[in-house]
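Welcome! Please take a moment to look over the sequence and the coordinates before reading on.

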Amino acid sequence: MSVPGPPPPGGVLAGPPCGPGPGAPPQGLSDTSPDEGLIEDLTVEDKAVEQLAEGLLSHYLPDLQRSKQALQELTQNQVVLLDTLEQEISKFKECHSMLDINALPKSGFDYHLWTENWKVQRERKRFTEAKHYHAKLVNIRKEMLMLHEKTSKLKKRALKLQQKRQKEELEREQQREKEFEREKQLTAKPAKRT
C-alpha cells in the first residue's frame, strides 16, 4: 500500500481515472468487474494513520508505563530479598558448623551451652524467616511474570486494534469509491447528435 503526501486542496483523494478511456468499450459490456484494481488504486492519508496511531498510544501507553514502573519496583525488591537471603544462608551455615563443634555433652549447668542453645533458637528463627522471605520472593517472581504476560498481551491487542481500525478505514474508503463510481455511471449523459 502506498501512502501519498498531503491531500489535495479539495480534500478528495485522487486516483487514476475511473471511467474507460477513449475508444474503450463501455464498462457495462466488459468482462471485467467494476471493482477490479480498486485495492491498488486506494491511498491512505498520513494524517489519518498518524491520528489512529496517536489515539491508540494515548489509550494504552499509561497502563504500559505503570506496568513498567511496577516491574522495576519488583525487580529492586527482588534484588534486596536475594541479598538478605544470601546473608541468612551464610549465617545458618555458620551456626551449623558451630553446633557440630559444641555438641559435646557437659555435666551441670553450663552458661556456654545455654548461650549456644539460645543462638541455635535464634538461628532457627532466622531460618524460618528466610523461608518466609523466600516464599515472598517466589510470589514476587510469579507476579512479575504475570505482569510481563499482561503487558505482552496488551501490546499484541493494541497492534491488532490498530490494524483492524486501518482495515475498517480502508474498507470505508473503498465503499465510498464504489458508491462514487456507481453514481458517476448512473448520471445521465447527453447523447451526442450526429
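## Confidence

What is the mean pLDDT of the protein, and what share of its residues reach 70 or more? The mean is 78, and 68% of the residues get to 70 or above. Keep in mind throughout that this is a predicted model.

Confidence varies along the chain. Helix α3 has the highest value, a mean of 90, while helix α1 (residues 38-41) has the lowest, a mean of 50. For residues 1-5 the pLDDT is below 50, and the model gives this stretch nine contacts beyond near neighbours in sequence. Residues 7-19 also stay under 50, with ten contacts beyond four places in sequence. A word of caution applies here: where pLDDT is low, the predicted coordinates should not be read in detail.

## Overall fold

The protein has three helices and zero strands, so the order of its elements from the N terminus is simply α-α-α. Among contacts with a separation of 6 or more, 88% join residues that are 24 or more positions apart.

As for the surface, 17% of the 194 residues count as buried. The accessible surface is about 15,900 Å², and carbon and sulfur atoms account for 57% of that area.

## The nonpolar core

Which residues make up the largest nonpolar core? There are seven: Leu-71, Leu-74, Leu-81, Leu-137, Ile-140, Met-144 and Leu-147. Helices α2 (46-101) and α3 (111-186) are the elements that each give two or more residues to this core, and α3 provides the largest share, four residues. As general background, nonpolar side chains tend to be buried together in soluble globular proteins.

Leu-147 is a handy residue to inspect in your viewer. Setting aside neighbours within four places in sequence, Leu-147 is in contact with Ala-70, Leu-71 and Leu-74. Of these partners, Leu-71 and Leu-74 are also members of the core.

## The aromatic pair

How many aromatic pairs does the structure hold? It holds one, formed by Phe-92 and Phe-127. Their rings are stacked, at 4.4 Å centre to centre and with 25° between the planes. Because Phe-92 lies in helix α2 and Phe-127 in helix α3, the pair ties together parts that are 35 residues apart in sequence.

Are these two rings' residues buried or exposed? Each falls in between: Phe-92 is partly exposed, with a relative accessible area of 25%, and Phe-127 is partly exposed as well, at 34%. Both values sit above the 20% cut-off under which a residue counts as buried.

Conventions. Residues numbered from 1 in each chain as written. Predicted model: local features only at pLDDT ≥ 70, side-chain atom pairs only at ≥ 80, totals over all residues. Heavy atoms only, no water. Core = buried A, V, L, I, M, F, W, Y, C linked by side-chain atoms within 4.5 Å. Buried < 20%, exposed > 50% of the residue type's maximum accessible area, 1.4 Å probe, protein only. Contact = heavy atoms within 4.5 Å. Phe/Tyr/Trp six-rings, centres within 6.5 Å; stacked < 30°, edge-to-face > 60°. Areas by Shrake-Rupley, 256 points an atom, 1.4 Å probe, with all protein chains shown as cover. pLDDT = per-residue confidence, 0-100.
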